[in-house]
Amino acid sequence: MRKVISVIAILLGAIALVVGIGQKTFWAPPETVTASMPEFKEESPLTVIQPSVQNPGSEPVELVITGKGEFTASLARSYDVEAWVGDAAHVELTGVDRENHQLIAERIDGEKKTPNPAGDDLFFDSQKADGTMTYRWTAPDDGDWSLLLAADGTKAAPSEISVTYANDDAMPWALPLIIIGALLLVLGVALLVMRVIKPAKSANSGRRAETAVANTKNGPTKQNSLAVAAVLALAVSGISVPMAPTSDKPSDSPKASESASASESASASESASASAKPSESTAEEKPSYPVLTEEQLQRVLSDVEKQIGKADEKNTKKDLDSRASGAFKDLRTKRYDILNDKIKIAKPLALKTSVIRSAAVPNSSEAKFPRVITVVTAKDSDPATLPIALTLQQNSARDNYKLTFAAQMLPNSTFPGIAVGDPSVTQLDANAEGLKVKPKDALTQLADVLTNEKSKHKDNFAESEFIKAIHSGQKAEQKDAKEAKVKYSRTVTDKDTQVVSTPDGGAIVTGRLNQKAVFERTEDADPLESADELTKKLLGSSTSNGNVEITYAEPVMMYIPASGNDDKIQLVASEVSLLSVKQVEEN
């Protein structure tokens, strides 16, 4: 009977092992599976692939995208992609049904045409393809990222998409069958080789004692054989045997037990409390990320330098449109007009952006526009090279960054050292609190200080070569005016005010001042004479019998310390640009 049982155990064990191993090998399902897109009746200019197609914690999925002709795949933060798409018609791929191996997607109706998103500043990367693209989903930084597909904004975007991912289908009985098979196999072999030792009959007590001893020896032998068989079976199946405890004695001290229980309870309470706090904080505040990565910033600055340099080469105003706006574009355009009139003046400042020395790139948790960044660049890393301070603004998700301010840093001025991605940098408005002076008020005070050497606000500003030069120039102008009386006034163009915070709690402020110098003739004074060829050209005459008004633009960048700081407001960069000369009144 024992042999029959052992043979049956061996056969059943072998069958279980073969089936279990087979489910792990030759009967196993494929390692990867592919899910495809549903079909839609109408075409759309855009297709959006959301980050939910990627299963958290698993290997990156592989997308196979097929389109009719050329198309681009552009990657950006999810809220930025949503802002770029806006009201446009699009197909939105939101996930993968891993049970049915089908992509989850819907078509959202809207505008039939959009601009071409390829290469826009908003996107971290844009890849081109013709016909088919294989895209491996990887996020370049923390946060949610989405992929935007488009042909050119007018043609249909690719909507034939398949996703390949690791197959989660499992054979649940594979491991149990292997374990059971191993146990049965070892048990059957053990039963087959074991011998039963029968005790010998004896009439005397000595024989009984020997038999008892023999039985005692044989008992443990059988038990040890079974134990060894069990251990071997467990070893084959990959299960470890726990060690026996060194002591089975319960604690003799009720107080110790209570103390341990109280300690565990307190630790659990503290742990629950600690874990609850971050959870509450996360619920209150969305994570924020820099509006540009370092790679994006370098690409933007490189193209700004290229496009502005192209416009400067031939003084072409039209070439400024792609990368200039605000005060910078106004002043550059005026300089081109003067140069094109063959008046000898210096060419505008050439931009050099090869080296980024500091970059105030704000962080955001949403697609909020306009966006402002302030950077300091130079042509090289030589400390002797005078850097250039730049401010750029992006008006909407579909717009590129445009230069609104550019000037060489003033002698002895400093700009806070800020790395791209510093989480403490944010975008502020002109009435921002927490600073020594509100940005709007600081510009108004500066206008007064430049106009009036004895301004009540002069002590709010650090010593500056620019302020000294303005005061010196105004004195010389008044002296050269002879019989004419010169009156100065300045205003602030509010729409050109841009503010970005710094890690120390201060802020970098960019703004534009407008200066008017009115030369008033006395009744019997000689006609006013133009001081140079530029003034003569702009006035249209070498003399004037009336009052003359000269208008200048003074774009400025300043640093305002945090409230409570003893430091003064410091001018970082500025310049003066002549705009117009006209006769305003005749005597």
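Colleague: In which helix is I8 found?

Modeller: In this predicted model, I8 is found in helix 1, which spans residues 2-24.

Colleague: Why is I8 called partly exposed?

Modeller: The relative accessibility of I8 is 45%. Buried would require under 20% and exposed over 50%, so I8 counts as partly exposed.

Colleague: What makes the nonpolar surface patch that includes I8?

Modeller: V4, I8, L12 and I15 make this patch, with an area of about 360 Å². A residue of a patch must have over 30% relative accessible area, and I8, at 45%, meets that condition.

Colleague: Which residues of helix 2 are buried?

Modeller: In helix 2, residues 78-85, the buried residues are S78, D80, V81, W84 and V85.

Colleague: How do you know that they lie on the same side of helix 2?

Modeller: They cover an arc of only 160 degrees around the axis, and therefore they are on the same side of helix 2. These buried residues pack against strand 2 (46-49), strand 3 (62-77), strand 4 (90-97), strand 7 (145-150) and strand 12 (371-378). After helix 2 comes G86, with a positive phi near 55 degrees.

Colleague: Where does D152 lie, and why is D152 called partly exposed?

Modeller: D152 is in the loop between strand 7 and strand 8 (160-166). Its relative accessibility is 27%; the partly exposed class lies between the 20% and 50% limits, so D152 belongs there.

Colleague: What makes the pair D152 and T154 a polar contact?

Modeller: The side chains of D152 and T154 are joined at 2.7 Å, and the limit for such a pair of N or O atoms is 3.5 Å. The side chain of D152 also reaches the backbone nitrogen of K155, at 2.9 Å. Apart from neighbours within four places in sequence, D152 contacts T114, P115 and N116.

Colleague: How do you know that T510 is buried?

Modeller: T510 has a relative accessible area of 2%. Buried means under 20%, so T510 is buried. T510 lies in strand 18, residues 507-520, and its side chain makes a polar contact of 2.8 Å with that of T391.

Colleague: Why is the pair R323 and D121 called a salt bridge?

Modeller: The N to O distance between their side chains is 2.7 Å, and a salt bridge requires such atoms within 4 Å. R323 lies in the loop between helix 6 (294-314) and helix 7 (326-340), and D121 in the loop between strand 5 (102-108) and strand 6 (125-136), so the pair ties together parts that are 202 residues apart in sequence. R323 is buried at 3% relative accessibility, and D121 is buried at 2%.

Colleague: What makes R512 and D330 a salt bridge?

Modeller: Their closest N and O atoms are 3.3 Å apart, a distance that satisfies the criterion of within 4 Å. Because R512 lies in strand 18 and D330 in helix 7, the pair ties together parts 182 residues apart in sequence. R512 counts as buried at 10% relative accessibility, whereas D330 counts as partly exposed at 42%.

Colleague: How many salt bridges are there by this rule?

Modeller: The count comes to 19 salt bridges. E42, R107, D109 and K112 are linked in a network of such bridges.

Technical notes. Residues are numbered from 1 along each chain as its sequence is written. This is a predicted model: local features need pLDDT of at least 70, side-chain atom pairs count only at pLDDT 80 or more; totals for chains, interfaces and linings use all residues. Side-chain values use heavy atoms; hydrogens and water are left out. Patches are made of residues with over 30% relative accessible area and no salt bridge: like charges are joined within 9 Å, nonpolar side chains (Val, Leu, Ile, Met, Phe, Trp, Tyr) within 5 Å. Accessible areas come from the Shrake-Rupley method with a 1.4 Å probe; for residues, only the protein chains shown count as cover. Helices (H or I, at least four residues) and strands (E, at least two) are DSSP runs, numbered from the N terminus. Buried means under 20% relative accessible area, exposed over 50%, partly exposed in between (1.4 Å probe, protein chains only). The arc is that of the directions from the helix axis to the C-beta atoms. Contact means heavy atoms within 4.5 Å. A polar contact is a pair of N or O atoms within 3.5 Å; within protein, one must be able to donate a hydrogen and the other to accept it, and residues adjacent in sequence count only if both atoms are side-chain atoms.
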